[in-house]
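Student: Can we go through this one together? I would like to start with the core and then pick at some odd spots.

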Amino acid sequence: MASKFGLAGGIPERRVRPIWDAIDSRQFKNALKQSTSLLSKYPNSPYALALKALILERMGKNEEALSICLNAKEILLTKDSSNVIDDLTLSTLQIVFQRLDHLDMATSCYEFACSKYPNNLELMMGLFNCYIAIKMYKIAGEERFLMWAVCSIQLQVCCSDGGEKLFHLAEGLLKKHIASHSLHEPEALSVYITLLEQQSKYGNALEVLNGPLGSLMMIEVDKLRLQGKLLAMVRDYGPAAECFQKVLELCPDDWECFLQYLGCLLEDESMFTNTTDPHPVSLAECNSFHVEAEVFDARISSAVNFVQKLIAIGNNNSLRCPYLANLEIERRKILCGKEKNVILKKLEKELEFSGSVSTKALGQSINVLKIQNLIGDMFTLPVNEVEDLAVRMTQMFCQSLPLSKELDVQDSMYGEELLSMACDVLVQLFWRTRNLGYLLESILILEFGLTIRRYIWQYKLLLVHLYSHWNTLPLAYERYKSLDVKNILLETISHHILPQMLASPMWADLNDLLSEYVKFMDDHFRESADLTFLAYRHRNYSKVIEFVQFKERLQCSNQYLMAKIEAPILQLKQNSNNIDEVESILESSKFGTHFLELSNEIRSKPLIFNEDLKLRPWWTPTYDKNYLLEAFEGASYCPRANLYNQIKQTEENILKLIEKRSILPRMVYLSIHSASASVKKNVGANGSVDPKLSVELKVLLERHAKILEFPFMDAVELVSGVSSRQKFFEEPNSDIIDWMNFCIFLNAWNLDSHELMLTDRSDPGSDGWRIVNSLLGKSIKEKIKSAGEVVSSPGDTLPFLVRLITEPLSWHGLIIQSCVRSLVPTGKKKKKGGATEQSNSQISYVLQDSIQSLCDTIQIVLNWLKEQLEKPEDENFEAIFSTIRKQNNNGPGKVFQVLESSLSLMKDVDLGDRILESLNSWNPADVPRKIISGQRGLLSEFLRICELKIKSLQELSVHL
Amino acid sequence: MVCIRKATVDDLLAMQACNLFCLPENYQMKYYFYHILSWPQLLYVAEDYNGKIVGYVLAKMEEESSECHGHITSLAVLRTHRKLGLATKLMTAAQNAMEQVYGAEYVSLHVRKSNRAAFNLYTETLEYKIHDVEAKYYADGEDAYDMRKQLKGKKQQPHHHHHHHHHHHGGGCCSAEMKAEEKPETAATKTN
């Protein structure tokens, strides 16, 4: 009998197992030796070959691995139909192919296998894995293979649309197996129950759990919890509550269980419908009770009794749940009762009496301030009261420094939160008064905090945003890097810096960020087949499902898609002075079509937002929103209250943004092509022009117009009339960039197609070129006119100018380069004579004119940058630092003063060596100096880009 | 109130964020996956009132000689949530599962010699004993205590026994693991 079972890829499993064990324990040499001897016995077994390939790949011998894999694939695909193609072989091959970045080959193996078994189509092609597993199950009769099959079905249903019917199939398979063999693994039971739950068959699931199979659950409380949950799902609340009660008797500190217990007593359905969020009812949703008042009282009092009992029998002094349970019960009783302000007043009164400096008093004060922040709505307080709060918080922080004297540098200090809160308040003051001093103070206190302890990540995150807003991106990036963000945090945390970097001239750093992130994600996807297999082999079927869903979650990440699109756009920007380079970059992404495909793909699957937005500061709750760029609209307006809508809005915006960015490379390519085709036509050169490309560019222009929420012709109308109207320039900055792109690509398309008469209404002799030139020039002039000194004008003017120069203007430059190249082919001498020459010189004139206009435009920016950079550092320093050093009573400076005075009082206090040393190294003047030098770094980098651009344009014009 | 529950794969996002707030650990992400996909019963998280993960324990099963035993790979509790007994609860949950699910006879762990707080937790509260000292165990050259705690050694429930067609193909109680990655560059276990 034994010979019938346990075949792996047609080889007895006992022969294969030691090899897998060796692989698992990373003894690759040993594994290789054994695999070689296995191959001598089964020289043509695809499975044995696949195993060897797997080992070689692990040893880093990729080429050998690939060639063996190909060999295995060959045998697999050509052998006669009597050869069994099994899942083990296929999945082993898949792992190796995938790790070698040849997923296509793995897929072709699967495809072949599918075509080989057309009679089993009732299970569908997509279920091939499952089919194979079922086949193996039939051959071997092992529970494991059955679970593989069931898991495959669950994955099929969970990760693609519809197919719920397939659950019946899985359930049927399991039932049949149970009837003949029963179940023997705890995980198998868990899969079975999940399967029933997925079909809402909670009653059946209960039966299974209460039946003999229930004994497979090894941990008693786990079983009780599950029973309770299932009972609650069928609204059998009484017995459910009993189950949870039993759990609490065994684990009195299980808070979640207590909430479920209470939920059952009060027959609160919401407790169980949303399984991912088993958290107690909030103030907002508590208005309706689920049971009658009398019943409520009775049930609550039974809960009180039970909790008392728990406290009585609890001999463990670290027990917290029962005590907090009393509070929760009280909370439920008064849920809709008391006024929050009354509570606050009471708390504040308490605070007044606790004047002493102790950790407990400090903790109390912090909690009161937090509650005030939470329910007191600081945005409605008058400016001077808000300022007093900031002063108090800063003072309290300084005064509590002695409490932390014994602490290690790694430990959190007491009162760390005070400075974060004070920063929040100061930024609010900056928003309301537009007084730069408050912004400086907010940075100053955080830098002070980091001087004392350099590990406080909350301060660092706040600084990342404050520096970004003040156009001091190099400092923001430095602070971000010190957070040591890696692994999955790249997915959840990098939104703090990435969007700002995308609009910056810090290309090398941006490139690092993007490539590190994409590499991490790709590595994970490559390894995930391997990891799925690991879970299968450990028979952790429920984890297989979780893991695959997690992988899906990452694969549909909006940031991942964005990074994949932005990385090549960055390359295009970096090389935009050299059309040949740009063309080879475009070639490597299938001339931009690759991204079109990507963006089409996302339409079929919803994008996932894995970013952890909770850690963002209040003024920029999402990465496309910054309240500081807008005017403060008075006391009725509180950003925090709008958070949910803001997140929804961002998710919509991101979809649009991704679409916009994904068509960009293709539009650049088509525009270059169109420009050169138009010149070639004109000079009578015989270049083959593909009319399809022109049509495609038009389709994309229409799509672009649609993203801007305009019909195509209206959009054309708008850009043609723009010099005579102002509205266009009042758009938000990001929209202007989009319009600029539209205009530039429109001109390129029309050069070749001549479909439109592009004329500026206020300039009758003009054409597409002139419109583009005047638009670019105008928007830059407008911006620079309204831009203040960089040092004292935080905001988005600088990023806007950077984007304008490095994107639309650069794309336009490429179109000009393309024309010039077609007009003056390298190595050829200019032809002389006749109509061609005349036409040539006309084009040449237009191009000269455009080049000159572009240079003039860039020169404006260049002059402005030089002006900023030439300002003496001391003057800049004074401009900033004086904002907090003035002696009058109004405006910022109070927090700074209190910081200084508290520190001078600290001179005689014992703070411990470490803190004392840090205090001695603190010099507030360093902060503005660093800001200035950070800004200079950014400006210089931008200056360099502008200079290179002018230089390359001037060189171009020499050719004409 | 914080509750202790079994980890899910999705918790990984928050577990790694936990590392941002504690000391940075240099475990690769796949190492977490390796644990949760191999011994999902041994990973527990501490979740606070708002659903935030504030601590976790990462553990695995090992087989040296014939004694099946568990090993605590990593224990972390956010500094904001120390002194609440969370580390003890996380450890107890993992130890119980080792014993009940896998029939582990003892559980081992490594701790930095200098980490007094963690050492006290292990010796006093959790009753671990020093088994050995591993010289220069950590990348920075610090020694580690190899500590052990005897479990009741309850034999594994015979859910595999009466079953003729089963193969313990890497999946049963124990399986060897990625030794090379066991040591992160910083502390292997940390807690106060």
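**Core, cysteines and backbone**

Tutor: One caution before we begin: this is a predicted model, where local features need pLDDT of at least 70, side-chain atom pairs count only at pLDDT 80 or more, and totals for chains, interfaces and linings use all residues. Residues are numbered from 1 along each chain as its sequence is written, chains are lettered from A and ligands numbered from 1 in the order written, and side-chain values use heavy atoms, with hydrogens and water left out.

Student: Fine. Which residues touch the most other members of the largest nonpolar core?

Tutor: Among them are Phe258(A), Phe448(A), Leu746(A), Phe33(B) and Tyr122(B), in a core of 364 residues. Such a core is a set of buried Ala, Val, Leu, Ile, Met, Phe, Trp, Tyr and Cys residues joined through side-chain atoms within 4.5 Å; buried means under 20% relative accessible area, exposed over 50%, and partly exposed in between, using a 1.4 Å probe and protein chains only.

Student: Which helix gives the most to this core?

Tutor: Helix α27 of chain A, residues 507-537, with 15 residues. Helices here are DSSP runs of H or I, at least four residues, and strands are runs of E, at least two, numbered from the N terminus.

Student: And where does the core lie relative to domain 1 and domain 2 of chain A?

Tutor: Between them, because domain 1 (1-131) and domain 2 (649-823 + 839-876 + 936-959) both give residues to it. The domain bounds come from an automatic or database assignment.

Student: Back to Leu746(A): what is it in contact with, leaving aside neighbours within four places in sequence?

Tutor: Leu701(A), Phe712(A), Val716(A), Val719(A), Leu756(A) and Leu758(A). Contact means heavy atoms within 4.5 Å.

Student: New topic. How many disulfides over all chains?

Tutor: Zero, searching the whole structure for pairs of cysteine sulfur atoms within 2.5 Å. For Cys264(A), the nearest cysteine sulfur is that of Cys243(A), 8.7 Å away.

Student: Is Cys264(A) buried or exposed?

Tutor: Buried, at 1% relative accessibility. Cys251(A), by contrast, is partly exposed at 25%.

Student: Last one: what is odd about the phi of Lys83(B)?

Tutor: The value is positive, near 65°, in a residue other than glycine. Most residues other than glycine have a negative phi. Lys83(B) is in the loop between β4 (67-77) and α3 (86-102) of chain B, and it is exposed, with a relative accessible area of 75%.

Student: What about Asp484(A), buried or exposed?

Tutor: Partly exposed, at 35%. Asp484(A) also has a positive phi, about 55°, and is found in the loop between α24 (473-481) and α25 (489-493) of chain A.
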